[in-house]
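Subject: Structure handover

Hello,

Here is the structure I promised to pass on to you. My notes on it follow below.

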Amino acid sequence: MGFFKLSIKLTLLIFCFGCFANCKKQQKNIEVKDTIAVQNKYTVSSFPDYITKEYVLGKFDYTQNDDFMLVPENLSNKKIYVRKEVLEAFLKMEMAAQKENIHLTIISGTRNFEHQKRIWNYKWNEKYKNIPMPKRALKILEYSSMPSSSRHHWGTDIDLNSLNNTYFSSGKGLNEYNWLLENAAKFGFYQPYTSKENGRTGYNEEKWHWSYLPLSKLYLDFYNQQITYQDINDFEGADFAKEIDIIKNYVNGISVELNK
Ligand SMILES: [Zn+2]
């Protein structure tokens, strides 16, 4: 047994030396993939205790939750909270971006059920009140989630720099977007709402919305196992959630890359 352990250590040591010499460039990718692999073990049956139905539905106070942290003022445009693991990964990504003169500012992070309900009900009762139902719901759903179905509830998803796709199509914005496409995955961040050209359902493309996949993948797995349409209620037009099949078409209407 002792010899066996020793030989594993030696093999690892040799592997590590080999890696320093040859694959330094790939190290970050390997780390992120390992994190995802570790998280996947929970999808079978045992999720960490803190992941509850209330958690994935956004029905908790993240400002009083020790797992959430305030984003530093210089990296956000208002008071924004995200999960601590997400902030840690974002800070690493932001530092790497800065070195290439790319500046990333978080303009939205965690939003709970009540916050999303205010956005949704405003659009329902004011902004789009002249559109008949259920078309009104579909109009709001172009860019806004029904309360209980937003990835922003989870503390894993952030909006960066601008809430306008046009901003990211030229000049400074395009440089930022290209940098993110090239580098964000090294830090665990992916764009869930990509172009719909290849048949993705759900929200329109959002070049500003990035998700910390090592955790959001886990929360989505929990959501799909535990949440039903009976859990999605208490806001204007909630009855349409089932008809539109929000869980299938919107909650799971994400880039195929995220489902691998
Ligand atoms: Zn967003």
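This is a predicted model, in which local features need pLDDT of at least 70 and side-chain atom pairs count only at pLDDT 80 or more, while totals for chains, interfaces and linings use all residues. Residues are numbered from 1 along each chain as its sequence is written, and side-chain values use heavy atoms, with hydrogens and water left out.

Let me start with two histidines: H152 is buried because its relative accessibility is 4%, and H209 is buried at 2% (buried means under 20% relative accessible area, with a 1.4 Å probe and protein chains only). Both bind the zinc ion: its protein donors are H152 (NE2), D159 (OD) and H209 (ND1), at 2.1 to 2.2 Å. Donors here are N, O and S atoms within 2.8 Å of the metal (3.2 Å for Na, K and Ca); water is not among the atoms, so sites may look incomplete. The donor spacing in sequence is H-x6-D-x49-H.

Now to the sheet. Four strands form an open sheet in the order β3-β4-β6-β5, with antiparallel pairing. Strands are DSSP runs of E with at least two residues, numbered from the N terminus, and two of them pair if DSSP finds at least two bridges between them. β3 (106-108) and β5 (189-190) are the edge strands, each with a single partner, so one side of each has no neighbour in the sheet. Between β4 and β6, which run antiparallel, there are three bridges, and I158 sits opposite W210 in β6.

Enjoy looking through it!

Best wishes

Definitions and conventions. Buried means under 20% relative accessible area, exposed over 50%, partly exposed in between (1.4 Å probe, protein chains only).
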